[in-house]
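Thank you all for coming; I would like to take a few minutes to walk through a structure that will be new to most of you. Please have a look at the sequence and the model first, and then we will go through some of the details together.

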Amino acid sequence: MLVKTFGSAVYGIEAITITVEVNISGGGKPFYLIVGLPDNAVRESMQRIEAALQTNGFRMPRQKIIVNMAPADIRKEGSAYDLTIATAILAGSGQVDGENLDKYLIMGELSLDGTVQPIKGALPIAIQARKDGFKGFILPKQNAREAAIVNDLEVYGVESLTEVAGFFDGTTQLTPVIVDTREEFYKSLTAYDSDFSEVRGQENIKRALEIAAAGGHNVILIGPPGAGKTMLARRLPSILPPLSLYESLETTKIHSVAGKLSAADALVTTRPFRSPHHTISDVALVGGGSNPQPGEISLAHNGVLFLDELPEFKRSALEVMRQPLEERRVTISRAKFTVDYPSSFMLVASMNPCPCGYFNHPEKECICPPGMVQKYLSKISGPLLDRIDLHVEVTPVNFTELASDRLAEKSELIRDRVIKAREVQATRFGSKPDLHANAQMSPQMVRDICKITPAGQALLKKAMEKLGLSARAYDRILKVSRTIADLAGSEEIELEHLAEAINFRSLDREGWAG
């Protein structure tokens with residue numbers, strides 16, 4: 001008897017519906033065969049299924065069982081097809097009513113005792129299931145909330161194989177999981193654990209991060225150990241504009257594919273903050289592997305990627321970030337397929353000015369030998385530094401500021417100013433749906449939008465000659481000055497806006513040559 005069930009394969013952040021055909025025929029020696037380009041995890045499913053069926057009082061047919069997974073030219077990977085195949089075998093052997101199988105998409109990994117284990121990519125699978133006209137989606141209970149944010153699709157979270165069998169036989173009632181997407185979205189939109197009001201002093205650094213947030217600019221913080229670089233960076237998401245529903249869904253899809261969502265999560269509602277260790281490999285940073293998975297730069301999509309101690313990262317890992325920083329997406333190519341992952345993130349990096357950490361320190365003396373500062377800085381390539389708009393020097397907080405009881409400005413107030421500046425930019429780039437912030441402007445747009453006065457041209461020319469800035473740095477200064485003008489509510493880029501933007505190019509100055 002031939003029976004069809006339906007599962008799904010995830011490629012990038014999109015899903016493709018897979019038809020699982022099971023043919024059980026008598027005669028000859030019993031054996032099991034899976035075809036349709038399965039990987040080892042899929043092939044091993046027959047042993048898991050057999051044990052699960054027997055443990056739950058079902059029988060494994062002692063006949064010839066052929067499982068075909070179509071389309072046959074797409075590689076099927078992982079253990080999430082266990083439940084799909086097991087349900088088809090039960091229906092094919094007459095142990096379960098198979099009349100309604102074509103209305104549901106079924107996914108889940110089986111344990112030997114028949115319990116259902118969580119899967120990756122439940123959200124993109126649910127979106128594709130609705131697109132393909134399925135009535136419902138049966139999946140592990142741990143993934144149910146994440147799939148239930150898709151409207152017009154009945155989502156059933158199950159804990160065991162017997163529940164699925166009882167559901168199709170009509171002996172078990174399953175309750176659809178219902179999530180109010182908008183309520184879930186607005187519930188914790190700005191629920192951050194940390195706030196800028198907790199930071200004593202460092203007003204100039206807060207100003208720099210406000211500018212970075214307002215224009216979506218990349219920033220590097222340079223200062224001695226203990227100056228507060230990491231503390232400030234961790235609070236940056238709290239002043240970014242809240243995620244839109246579209247951004248939230250897109251971010252959730254990436255985290256779903258990577259298996260980073262907990263059972264309690266339905267949506268990622270706050271801006272991601274990713275802080276990988278400096279020993280990270282190239283593949284873990286940008287994504288990839290034999291079964292391509294999103295890397296840290298994609299998990300930071302619509303949020304912040306924080307690279308602490310930037311010169312300690314492998315040069316090769318930093319260099320592979322150059323293209324995604326410009327294109328805001330990463331393409332992973334294999335011989336038979338190509339996967340795209342979005343990676344529109346704000347890069348925040350921090351570093352000590354030298355190996356000992358005290359170069360240019362107001363009180364402590366640097367003990368590094370001559371030339372060591374330049375050697376340390378040269379670990380970061382020029383092209384990567386050019387892609388960072390703001391170079392900010394962080395100086396230690398003095399005791400008076402540290403012991404002060406004066407309350408600092410809350411993240412909420414800074415965020416309101418950032419949102420207003422972003423609204424100005426949204427109006428400016430209204431005809432270009434892919435552009436959201438000043439940092440994303442092309443060189444031609446910089447020429448058209450960031451016009452400056454002759455006095456401004458003279459100031460910029462002098463700064464370029466003195467600091468030896470590249471053409472890309474010229475564009476970065478204009479973009480940052482445009483953001484500063486937006487924050488000030490000014491239509492024109494004034495001299496003070498330009499001067500402040502030039503001031504945020506610390507690493508281009510002669511004093512940093514060591």
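Let me begin on the surface of this model, which is a predicted one, where Asp97, Glu99, Asp102 and Asp169 together form a negative patch. If you want to find Asp97, please look in the loop that runs between α3, residues 82-92, and β5, residues 104-106. Asp97 has a relative accessible area of 36%, and it is therefore counted as partly exposed.

There is also a nonpolar patch on the surface, of about 220 Å², and the residues that make it are Phe31, Leu33 and Val35. Leu33 is placed in strand β3, which covers residues 31-35, and because its relative accessibility is 38%, Leu33 too counts as partly exposed.

Let me now step back to the chain as a whole, which has 514 residues, 54% of them counted as buried. Its secondary structure comes to 22 helices and 18 strands, and its C-alpha atoms fill a box of roughly 90 × 50 × 45 Å along the principal axes. Among contacts between residues at least 6 apart in sequence, 73% join residues that are at least 24 apart.

As for the surface overall, the accessible area of the chain is about 22,500 Å², and carbon and sulfur atoms account for 50% of that. Finally, on charge, the chain carries 58 positive and 63 negative side chains, and the centres of these two sets lie 4 Å apart.

Terms used. Residues numbered from 1 in each chain as written. Predicted model: local features only at pLDDT ≥ 70, side-chain atom pairs only at ≥ 80, totals over all residues. Heavy atoms only, no water. Patch = residues over 30% accessible without salt bridge, like charges linked within 9 Å, V, L, I, M, F, W, Y side chains within 5 Å. Areas by Shrake-Rupley, 256 points an atom, 1.4 Å probe, with all protein chains shown as cover. Salt bridge = Lys/Arg side-chain N within 4 Å of Asp/Glu carboxyl O. Helix = DSSP H or I, 4+ residues; strand = E, 2+ residues; numbered from the N terminus. Buried < 20%, exposed > 50% of the residue type's maximum accessible area, 1.4 Å probe, protein only. Contact = heavy atoms within 4.5 Å. Lys, Arg positive; Asp, Glu negative; His and termini not counted. Charge placed at Lys NZ, Arg CZ, Asp CG, Glu CD.
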